[in-house]
Structures are given as C-alpha cells and as structure tokens.
Amino acid sequence: MKPTRRDWMAGTSAVLAAGTLAAPAVLGQAKPRVVVVGGGPGGATAAKYLAKDSAGAIAVTLVEENETYQTCFHSNLFIGGFKRYEEIVHRYDALASTHGIALVRSRATQIDRDRKEVVLSDGRRLPYDRLVLSPGIDLNYDSVPGWSKEAEEAMPHGWKPGRQTQLIREKLDAVPDGGTIVMIAPPNPYRCPPGPYERASMFAHVLQQSGRNKARIVILDPKESFSKQGVFMPDWEKRYSAMIEWLGPKVHDGITSVDPRTGTVVTGFETYENCAFVNVIPAQMAGAIARDAGLAPAGGYCAIDPATMKSVVDGDIVVLGDACNAGDMPKSAFSANNQAKVAAMVLRGELVGAQTFPARYLNTCWSLVDTDDAIKVGGRYEPKDGRIAAVETFISQPGESAEIRRQTQAENIAWYDAICADMFT
Amino acid sequence: MTMGEPGLGRHRTRWRHARRPAGFALTGVAAFLLATAPGEAAGDRALAEYLAAECTGCHQLSGRGSGGIPPIIGWPEEQFVAALDAYGRKQRDNPTMQTIAARLSRDEMTALAAYFGALVAKP
C-alpha cells in the first residue's frame, strides 16, 4: 500500500519500554504493516489496540465492506423491543480519526498467502507483514433439508446483521394470536450459544406484551442440551408459562424437511403446518475467506495456537472470533474482543519489540429472558494442552432473586456500552 | 449487594499523591517514573496496559457508564486493590468479578490500581 514514511520516533516509546532495539521501526525502514479483515468485535478491537498501543509504529489497515456495523449482540434486545435499531448500529470513523487506522471500505475476497497480500473485490491488493482475519461465520445453507439461500427471506435466520435482523422483527410482528413460531436451533459449534434461547424469550415477551397469548413457540433442537438450559427453562415457565416448548433430538427425531413456500416443518415426530414464522438457524462455519485460504483444514473453523491466536497453518496470520476454534471459549463478541487484545499484544511483540505476557482469556455471555430479568454464563480460560481451556466458570442460578436478575441486566446494558466504546472509539 | 465503592461519584477525580503534577493525569507513566527505575516502571506499565485491556471490555476508560457496571478510574489505589482482593476471596458478590480477581496476583492488582487510579473521567 503506502507506508514508506520513515518515522522511527513513533516507535521510540515502545522501544524504550521494551528495553530492546526492534528492527524495522528503529532502523528507519517502513513501518510494519498489519491488515485486519473484518470490522466486528475481533477485527475492530485488534485494529484499535494495534494502532493505539504501538503509538503509531505499526501501519494498521482495517478492511470492512459495510459502512456501519450493526451488532448481532443485543440484536435480540431490538427484536424484543428493548432497544431501537439505531442503538445497535455503530460507525468506524473514530478508528481513523483517533487512532490513525486506514479504513478500506471494500470486501476482501481472497488471501494470497504466498505473496502476503489481501485481495479485494475491486482487484486492489493490500500487502501485509501480518494479517488479522476476523471474518465471522458463513451459514451452511445445506444443513436443513428444504432450506436454502433463496429461502432466507421466507424463513429468515437473523444470524447475520442487517436486513436479516429486521426481517425477524417483521415476521414476529406479523404472527397472529394462536399462530405458531418454529425455531430450528443450530448444532454445535455456532455463533452465540445462548442466542437462540434469548431470542425465543424475546419472541415470547413481544407476543405476551401484545396480548397474543395463544401464540406458541416451538424450538426444535439438534442438541441434547443448550447453554444455560437449567436457568432458561424454569424462567420460561415462570414468565411465559407454556408458550415456549423446547424439543431435543430424542423427542422430535430429526428435521426431515422444511417448505418455505407453505411454512411447513416436518420432523420425525410431528409436522407443523402453516407456521406463522419459521426461524431457521443453520449449521455454521468460518467465513469463506478463511476457509478458502486453507486455514480450516478440518472443514469448519480455523485451528489456532492458544497462546497467540495465530493460525496453526500460517504463522503470519491471526484468526479471531467466531471464525476460529477457541476451545472452551464460546463464539461471542466478548470472546472476540478479548482474543483480539492477546493477538494485538503478540503482534506488537513481534513487530516492534513490545513486551509480551502469557495469554489469558475471559468471557461473559448475558441473556435477557424478560424485563429486568437477565442471566449470564462465563469464565476465564488459558492455553492448556494445545487448546484454550476453561480454568473457572460461573453461571446464573435458577431461583435467584429478582434483584440479582435486575442487576444482571443492568450489567448487560453497561457491558454493551463498554464493549462498543472499546471497539469503536 | 453494592457494585461500586461507597462514596465514589462517577466523575470525581482522586489523586494518589498530592505532589504529583496535574498534567500527568491521563497516563500512569509519570507516576511510575517518579517511583521506580525506568526498566521496572516500563515493565509494570506494559503489564498494567495488558491487564487493563481485559477490563475495558466492561469498564470504560472514560469513566462513563449506565450504572450496571461501576467506573473504576480515579480510585485511591488501596481501595482498588482491596475491592479486587475482596472479590478474590468471595467476600464481595458477583461471580464475574470473583472469577477475574481469582487469577490476579497482588502485584497485578497493584499495577492495575496505579493504572486506573491515574485516569481522569472524561465528560
């Protein structure tokens, strides 16, 4: 791209702090270049921390095709009527103006690992010394028989932001009293483990608030159990009585097919006809750009070194967030933001001689069940036996006081503001 | 159960040493340099920055917040360390903070206390 400006002064503070002489920055050569693909909680955070903590000694470029970022996290709160759509949309401008990050608004289509270049949809090539890939997920459109990309308007997933998120709310609003919503939950591993169940809670909340108390929600799950199940289910009972019904694979005996034209879902156990709304959340995998680069040899997600977040396939590439296999860490915004900081530290160590420390990781996932009633799950993690392993975990308890649930929701709201400030300012 | 330290307003500024020049409030660097040798100070600073990065996912550096998660900037260091220590011993409620505090050593708590203690609330 461009970086020939010989500005080793910018690297001086980092160099003095490290007590060593780092190569390119001090010798007056071009700044080391890091290209970040993906402006979500992994990528935006990585770009910011690389730029901020290197005091400009690293030339950071962020490639993101969307002008604004709508968070998938808290999109359920929008669906539930707890947040306006505008509240979950964010801009990237401050990353450029405050941190000097070069924003490239384009779609990255390919990684040329031999030449160390990112190829954009318009043909431009961005050279990198190190690459941070945080492309998110792709959906497996073949994972539910009868469902396809063409069917995603009739039977939306709402598992990627934008039009899909809004479509979920539109479909919910159109459910008549007495209508049936069928949610097909995804198999592990997938983005946001408690997400489908928070969403079902939001469906029930909206239906109840609008007096559509005879509507029902059926969750057909390929999984035997789900995140925070022991806390969600008693709370559903308490808040929504029998409105939400969860069926595991032993009960429904598998999804035979769905028909987007008629709103029909056929399982081994029962057929649901004329469903008011079918929300298909399919199986998922790493974004195509990562898989096409050969970084997910086993198919699904990218294998990474737990101490560095680097791809085990290519030491010049870090993979963050939903696209990587992070062991016991769930695919969450909190995890991605957290992993990004480890990766930024590692790359600064390599590129400008910054001091590095052993990786440690953290996650918390909050889920809103009803007004002032949220639950959480989380833990701390460390590299162990070649993967990121949980050291200690915590989870909300069934039967907690209303005050604790209210406080948990207040935390959830405050966390969102903090992580967005962390990512975008 | 209280989330924040009693008596600390969201935008109140606290100074660790009366003698510390006002202009260095925005970073902890000068405070470290006054107290310790350069290499040691820089190491503490680098460690504090790394650890603090884990905190800023929830606690805003600006000190802003909607109330559900308390601001942690500008606290007197002893109180900051005491709060973390209490979480680590499960004497303060909040499973998230208990888990976090459990893996912080005393030195790390001290480094974080200095780092955040030097920050000033942004309007």
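Is A:Arg125 buried, exposed or partly exposed? That was my opening query, put to a model that is predicted. I found A:Arg125 partly exposed, with a relative accessible area of 33%.

**Entry 1: the partner of A:Arg125**

I followed the side chain of A:Arg125 to a salt bridge with A:Glu117, where the closest N and O atoms are 2.5 Å apart. I then looked up the burial of A:Glu117, and it came back as buried, at a relative accessible area of 12%. My reminder to myself here is that side chains of opposite charge can pair when their charged atoms come close.

**Entry 2: more salt bridges**

I counted next, and the structure holds 47 salt bridges over all chains. I picked out a few of them.

In chain A, I noted A:Glu400 with A:Arg405, the closest N and O atoms being 2.7 Å apart. Both of these residues are buried.

In chain B, I noted B:Glu54 with B:Arg103, and here the closest N and O atoms are 1.8 Å apart. B:Glu54 belongs to helix H2 (residues 38-55) of chain B, while B:Arg103 sits in the loop between helix H4 (95-102) and helix H5 (106-117), so the pair ties together parts that are 49 residues apart in sequence. I checked burial as well: B:Glu54 is buried, and so is B:Arg103.

I also found one network, made by salt bridges that share partners, which joins A:Lys116, A:Arg130, A:Lys310, A:Asp316 and A:Glu350.

**Entry 3: backbone oddities**

A:Lys116 turned up again when I went through the backbone angles. Its phi is near 55 degrees, a positive value in a residue other than glycine. I located A:Lys116 in the loop between strand E6 (108-112) and strand E7 (117-120) of chain A. A:Lys116 is partly exposed, at a relative accessible area of 22%.

A:Asn274 has a positive phi too, of about 50 degrees, although it is not a glycine. I placed A:Asn274 in the loop between strand E16 (271-272) and strand E17 (277-280) of chain A. With a relative accessible area of 65%, A:Asn274 is exposed.

I then looked at omega and wrote down a cis peptide bond from A:Asn188 to A:Pro189, with omega near -10 degrees. A:Pro189 is in the loop between strand E11 (180-184) and helix H7 (195-209) of chain A.

**Entry 4: a buried aspartate**

Where does A:Asp221 lie? I found A:Asp221 in the loop between strand E12 (216-220) and helix H8 (229-240) of chain A. A:Asp221 is buried, with a relative accessible area of 0%. Leaving aside neighbours within four places in sequence, I listed the contacts of A:Asp221, among them A:Tyr197, A:Phe226, A:Trp246 and A:His252.

**Entry 5: where chain B meets chain A**

How many residues of chain B are in contact with chain A? I got 29 residues of chain B, against 34 residues of chain A. The two chains bury about 2,600 Å² between them, 59% of it on carbon and sulfur atoms. On the chain B side, B:Tyr50, B:Glu54 and B:Thr99 lose the most area to chain A, together 24% of what that side buries.

For polar links, I found two salt bridges across this interface. I also looked up A:Glu392 and B:Lys90, whose side chains meet in a salt bridge (3.9 Å, N to O). The count of residue pairs in polar contact between the chains is 15.

The elements of chain B that give two or more residues to this side are H2 and H4. H2(B) gives the most, with nine residues. I closed by sorting the residues on the chain B side: 14 are nonpolar, ten polar and five charged.

Methods. Residues are numbered from 1 along each chain as its sequence is written. Chains are lettered from A and ligands numbered from 1 in the order in which they are written. This is a predicted model: local features need pLDDT of at least 70, side-chain atom pairs count only at pLDDT 80 or more; totals for chains, interfaces and linings use all residues. Side-chain values use heavy atoms; hydrogens and water are left out. Helices (H or I, at least four residues) and strands (E, at least two) are DSSP runs, numbered from the N terminus. Buried means under 20% relative accessible area, exposed over 50%, partly exposed in between (1.4 Å probe, protein chains only). Contact means heavy atoms within 4.5 Å. A salt bridge is a side-chain nitrogen of Lys or Arg within 4 Å of a carboxyl oxygen of Asp or Glu. Buried area is the accessible area (1.4 Å probe) that two parts lose on being put together, summed over both. A polar contact is a pair of N or O atoms within 3.5 Å; within protein, one must be able to donate a hydrogen and the other to accept it, and residues adjacent in sequence count only if both atoms are side-chain atoms. Ala, Val, Leu, Ile, Met, Phe, Trp, Tyr, Cys and Pro count as nonpolar, Asp, Glu, Lys and Arg as charged, and the others, Gly among them, as polar.
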